[in-house]
Amino acid sequence: MNPNELELRCAARELRDQLVRKARRQSLPMFPPGWKAIERLARQYQMAIDRGWHRAARNVALLLVGHLDYLRPRMDELNQSAQRLANMQFRTVHSIYEELTDLAIEFDEFRWDRKTEELIVTTAPITLEEIPLGSFEIRLCPDHPSGEPPYRIVAVEPNPAASNSSIVHPHVDDGVLCEGDGHEAVRRALKDGRLFDFFTVVRQILCTHHAGSAYVSLDEWAAMPCRDCGDLVLESDEQVCEACGKTVCGGCSRCCQCCDQGFCSGCVQTCPECDQTICSSCMETCDRCGQEICPVCRVGSLCEACKSENPQPGESVNAPVATQ
Amino acid sequence: MKILFINNLGGGFAGHVDISEGTTVERLFQERMIGEHPENYLVRVNRQIVVATQLLVEGDRVTFTPIKIEGAA
């Protein structure tokens, strides 16, 4: 639901105050060092002239020329900053109000959060390449702290990449949109205070999938990393370890020779006698020495080594042992 | 007559330009967005949706924003 007229006017007033506060914080750059030296050198020159020390006066004049040459570009910069501050103009509350009214028409939802001092626009639900990503809030804080991004993207009903929950959109990581081709347009709109254009451009970036430069591309959106090798496994190729439930790729999946189920490398062992891959559930132990051994190599209740040392009644130590 | 023209393609442009009387939105697009196709753009005059044949007047604010703007990583 969009704000009513009164709320829009209040928002426009608070937004203007915020913009003025931000602008007023811009201060003149410091006077360049060496400024006071000019005054000192001028006094020294006059003193030298008064005392008839013409050579000394000439030397001081040369120093004065050097200092003035150093200061000239710095004074030009100071002049430009002062002119900018003197010519600074602020938008009227009414012009901001008109722009907020147009924002309320253009976007599904729009509001001014007085607590966080953010202008928040909600996009319509976005689906890219048949993957529903949901709506996104574009939260702009015009008077943001220095060093922090001026806006962030928040998924309303997140459908993040399976491999990374902080990526809720192919071009958004942890709330930060990588603007790509839209960077200059976003920067100019923010610099000029064109709120409507800013939100429009950001929305169009969110509505576009650039597969060649995405944090996670949409064809890998549901892909999970293989537990063993770390590669992303597409849903169609995904195998699941029967023991721990982790995702395994086809190349890393191990088959238990007893139960014929698939497992990751952490849930299988190798039988020390036949070198076959056996899962933890199928693996047995020798009753005498405790050695882990596959059911095939475990004859009776003993491993081969223990069985040969302790033959059953009627068998000799050297009697051949049946093997698989 | 002067209008405020904003082009959000690439590096972008935002400034006042002179146009002749009787210039429509469509004609402005053809003159300023050479090689581009209007169906690939959101066109707003004074932040409102308009028809291509709308005549522009002094002080109008015209914005052309690409529908597809590719982000990055």
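1. Let's start with Glu99(A), which counts as buried because its relative accessibility is 1%, under the 20% cut-off. Please keep in mind that this is a predicted model. Glu99(A) belongs to helix H4 of chain A, which runs over residues 93-106.

2. What surrounds this side chain is worth a look. A polar atom of the Glu99(A) side chain lies 2.9 Å from the backbone nitrogen of Leu195(A). Leaving aside residues up to four places away in sequence, Glu99(A) touches Arg91(A), Gly193(A), Arg194(A), Leu195(A) and Phe196(A), and also Arg47(B) from the other chain.

3. That last neighbour, Arg47(B), leads on to the interface. Arg47(B) forms a salt bridge with Asp102(A), with the closest N and O atoms 2.7 Å apart. Across the interface of chain B and chain A, four salt bridges are found, along with eleven residue pairs in polar contact, where both residues have pLDDT 80 or more.

4. On which residues of chain B lose the most area to chain A: the contact involves 23 residues of chain B and 28 residues of chain A, and the area buried between the chains is about 2100 Å², with carbon and sulfur atoms giving 50%. In chain B, Arg47(B), Ile69(B) and Glu70(B) lose the most, together 31% of what that side buries.

5. A last point on the makeup of the chain B side that touches chain A. By class, this side has nine nonpolar, nine polar and five charged residues. Arg47(B), already met in its salt bridge with Asp102(A), is a good residue to keep in view while browsing the model.

How values were computed
Residues are numbered from 1 along each chain as its sequence is written. Chains are lettered from A and ligands numbered from 1 in the order in which they are written. This is a predicted model: local features need pLDDT of at least 70, side-chain atom pairs count only at pLDDT 80 or more; totals for chains, interfaces and linings use all residues. Side-chain values use heavy atoms; hydrogens and water are left out. Helices (H or I, at least four residues) and strands (E, at least two) are DSSP runs, numbered from the N terminus. Buried means under 20% relative accessible area, exposed over 50%, partly exposed in between (1.4 Å probe, protein chains only). A polar contact is a pair of N or O atoms within 3.5 Å; within protein, one must be able to donate a hydrogen and the other to accept it, and residues adjacent in sequence count only if both atoms are side-chain atoms. Contact means heavy atoms within 4.5 Å. Buried area is the accessible area (1.4 Å probe) that two parts lose on being put together, summed over both. A salt bridge is a side-chain nitrogen of Lys or Arg within 4 Å of a carboxyl oxygen of Asp or Glu. Ala, Val, Leu, Ile, Met, Phe, Trp, Tyr, Cys and Pro count as nonpolar, Asp, Glu, Lys and Arg as charged, and the others, Gly among them, as polar.
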